[in-house]
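I have a new model open and a fresh page in the notebook. Here is what I looked up, in the order I got to it.

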Amino acid sequence: MSDSKTITALEIGTGKMQVFIGEVVDDKLLNFIGSGQAATEGVKKADIVDIRRAASQAQAAIVMAERSASAQIKSVCLGISGTHIKGFRNVGSANVSGADGVVRREDVERAKEDARTKSLAEGRSYIHRICCGYYVDDKFCTNPLGLSGRRVDAEYWMMHGDNDRIASAIHAVESFGIEVEHLVFSGIASALAVTSPQQKIDGVLCVDIGCGTSDYAYYRHGHIVQAGVIPVGGDHITNDLSFGIRLTRKNSERVKIHCGKANLSEDERGMQFWSLGDKQIGDKKIPLDAVNRIIRARLEELFLLLREDIQEYLTEDGIKEVVLTGGTSNLDGICELAAAVLERPCGKGRFDSSIGEKLRYQEYATALGLLEYARIEGAKSSRKKSGWLGKTFGQLFNI
Amino acid sequence: MGANLTIRAIGAGGAGANVIKRLAALGLPGLELAAIDADLSALEDAGVENAIAIGGSHTDDMGTGGDANLAKEAAIAHYPKLVQAVRGADVLIIISGFGGGTGSVVAPILSKIASEMKKKPFVVSFSFAPLGLEGAERGTLATLAQNYIRKRSNLAVSLPNDIILARAQVPVEKAFSIANAHVVKSVAAIAKMLSKSGTVNIDFPTLKKVFPKTGEKTFLAFGMARDNSVENALESLAASPLLGKYQNLKAGSLLISLTCGSGFEMNKMQLLLESAAQRLGVKGRVGFGVVTNEKFGDKIEVCAMGTIESAELPPEPAAMPPKISERSIAANEKAAESAEEEEKREEEQAQEQSEEMNSQLQASGADGNVAPPPSASDVGPAPVPAEPEEAPRKKRRGFFGFGRGKDEKEEAAAAQAQQAEFKFMEMSQQRGFFEDTPPNLRNDVDLDVPTYLRKGIKITL
């Protein structure tokens, strides 16, 4: 008899609230059964600045999704991002205890425990403590069990955020009686949706350029090596345009969507367009070159900041390719610009062939990744349940 | 002195009358109010007792439709009424919106009358500059009017609407209501300061000593904060749009008026006054007045004004907006609407849009199908390409009502050069949409400030 359960992904993005509901069959098959969406309010740079408005819009999206799937949502897998999220690397060590020098599970657990227990400054909490791999006598391996050595090190990427901001995100959902089952960094979720297992093994940097922030995750050997936030997104481009070409925010957004390009051809350089098109008060001619210079300056800076963060992995053995996703990745010429700055081949996110056509939008990468994350965690939980105890509270903040 | 002091605020044109209407609602004791406009219905709507309609047969008691020539004829025909309005005032506060018809003409005439009086009143002028997007013609008329009135004012404050628009990323209508609110608060602060209703008062002679001459470079800034927070009040003061055109301003002399609740502590007051004086690098005279108001609770309002010793002007002039032949008085009409109504309407509009989006999505998502993300068509139509060989638009002859001799032409040229100073503000303040969020610091750089500005990339429009 097949076993099925419903999982829900909620992305509180700067541009939109996105809810996807899926049905997991036997912890393997994931069927998409419904969705809800609402315009975001009260969120800037991926941080909730007005919890009341944010909660109300999240609820609107949830209600819509419930109707769409004819199902009641009890818990969600919530994506989180924001300028407050930081990360650092931490290594835990343990001596191999066995007389034969073979690494056993207890040694690995001690090394992991050593890495995971680093305390944070007051007011900060862990969002993820991600094991990136192990070293047995300084030699890298993904699974140290059974190897011989004197010392085993566990390397972790520790992601943490501001307590208040995390609480705001959780409260925005729980205020209308829905439990937050998993809290997941959006960058990790997006990477789950748009990169293949092989890419993750070879070394891929996935960058989700959203409205408020750009979230990235670097995978190597199938594990996350580093993830973080560059506090710049599509809203910054719109804001720059409204300053540079003196238009309202709404019109700047329109210009960005229709005329925004990260690269211009020689022919396009001399082109102009009417800002409003009605030739009435306020309408003016805008050179495409001016728009391009503003956008290019912002994106170049974004990729340079990213380059600063991941500099140590821009080696032959490190990042092999860059994948861009998120709404802003739809901008013309952005991949070419990223490839030039990061000196790596760059393309847009590619979705798995099992994902339906109607879902294959870069804007949906985070929500789709959250669904996948919930499915994986659900499968892990089922395996544990088959022991004797169900999931623990600790799972909320750990992988 | 304070009891006998006649402080009179006159609003000229639609924008001026609208400010007067809001001032009337405040019911400030010792402040006489008058409104002058060609549009009789707008004056009636303003509900001010002392309303002077100058339209008459020239405009059939309607607005001038932005025609400065018409406004000039109407003003000259009612010249005695204008003299009457100015006569007897010790402090004359002229409020007007420049760029349109009545405001651009009547306000300078009022300042001229004041400067020619035997007993010259102390003239404070508040003027709203038109939005850059309203076109160069209005801009030129506004700058001519501004220069004229500045020469005849002891304290001239110009509120460039562009700065407000750029700072808050708000629609045109909202920009006007924000501008109104700043001017109303500033006028109220001056009135309170001089009417001796405060705990510590600034007397009229002090005011005259700080601003002894007309035509000097002056500034006025207004700031407010809650929780009795001195730091926030100072930040708000520094970010005041009335101050926005200057960078690293050094004040020659300074007057500070503070309005606070009864619980505001003495040490905080001292800190605020000292910090403000320090920030503005005052070299000359400093005066301050304090008004306590039970209703304020933990709210504080600071109004700083003074002469400018030195200020850095922006590094390069901004490009002038393109010429536009068709004009509309819609912007002026909108300016006359109250800020509260505007804000309410905007909120409702935002809600409607949100509901609209939700219902659209619901319709498409109800059957379990996912709605596609907002596409390019959802943000509005694509901008129309402009033909490069298109003939330049015909320039309508600009006007400012006092002849157009050689002097006027020189004045116009100077005005063109000076207008550039209104386009910039301190770089750290150029955060627009992100203004109400904490600085986005990385490598000691605020990433919310546009990159092209930080990197000095020139954008030619």
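Are Phe88(A) and Tyr126(A) buried or exposed? I checked, and both Phe88(A) and Tyr126(A) turn out buried. Keep in mind that this is a predicted model.

**Rings**

I searched the whole structure for aromatic pairs and got nine over all chains. Phe88(A) and Tyr126(A) make one that is tilted, with 6.5 Å centre to centre and 45 degrees between the planes. I looked up where the two rings come from: Phe88(A) sits in strand E7 (residues 86-95) of chain A and Tyr126(A) in strand E8 (residues 124-136) of chain A, so I note a link between distant parts of the chain, 38 residues apart.

Next I went to chain B. The ring centres of Phe433(B) and Phe434(B) lie 5.2 Å apart and the planes stand at 65 degrees; over 60 counts as edge-to-face, so that is what I wrote down for this pair. Phe433(B) has 17% relative accessibility and counts as buried, because the cut-off is under 20%. Phe434(B) is buried too, at 0%.

I also found a cluster in chain A, where ring pairs link Phe20(A), Phe32(A), Tyr361(A) and Tyr364(A).

**Chain A overall**

I counted eleven helices and 18 strands in chain A. Of its 399 residues, 60% count as buried. I took the contacts between residues at least 6 apart in sequence, and 66% of them join residues at least 24 apart. Chain A exposes about 16000 Å², with carbon and sulfur atoms supplying 48% of that area.

**Lys5(A)**

I found Lys5(A) in strand E1 (residues 4-12) of chain A. Its relative accessibility is 36%, so I have it down as partly exposed. What does Lys5(A) touch, leaving out residues up to four places away in sequence? The list is Gly22(A), Glu23(A), Val24(A), Asp27(A) and Gly378(A). I also looked at Arg375(A): it is 370 residues from Lys5(A) in sequence, yet the C-alpha atoms are 9.7 Å apart.

**A sheet with strands from A and B**

I traced an open sheet of three strands in the order E16(A)-E15(A)-E11(B), paired antiparallel. Which strands are at the edges? Strand E16 (285-287) of chain A and strand E11 (385-386) of chain B are, each pairing on one side only. Three bridges join E15(A) to E16(A), and in E16(A) I found Lys285(A) as the bridge partner of Trp274(A). H9(A) packs on this sheet and touches E15 and E16 of chain A, its direction making about 55 degrees with that of E16(A).

H9(A) came up again when I looked at helix H7. The buried residues of H7(A) are covered by elements including helix H6 (234-244), strand E15 (272-274) and helix H9 (288-310) of chain A. H7 itself spans residues 249-259 of chain A, and its buried residues include Arg249(A), Arg254(A), Lys256(A) and Cys259(A).

**Confidence in chain B**

I checked pLDDT last. Chain B has a mean of 71, and 67% of its residues reach 70 or more. Where in chain B is confidence lowest, and where highest? Helix H13 (residues 330-335) of chain B has the lowest mean, 33, while helix H16 (residues 451-454) of chain B has the highest, 90. Residues 314-368 of chain B fall below 50, and I noted 98 contacts for this stretch in the model beyond near neighbours in sequence. Residues 394-404 of chain B are below 50 as well, with 29 such contacts.

Technical notes
Residues numbered from 1 in each chain as written. Chains lettered and ligands numbered in written order. Predicted model: local features only at pLDDT ≥ 70, side-chain atom pairs only at ≥ 80, totals over all residues. Heavy atoms only, no water. Helix = DSSP H or I, 4+ residues; strand = E, 2+ residues; numbered from the N terminus. Buried < 20%, exposed > 50% of the residue type's maximum accessible area, 1.4 Å probe, protein only. Contact = heavy atoms within 4.5 Å. Areas by Shrake-Rupley, 256 points an atom, 1.4 Å probe, with all protein chains shown as cover. pLDDT = per-residue confidence, 0-100. Pairing = 2+ DSSP bridges. Axes fitted to C-alpha atoms, helices over the stretch in contact; angles between N-to-C directions. Phe/Tyr/Trp six-rings, centres within 6.5 Å; stacked < 30°, edge-to-face > 60°.
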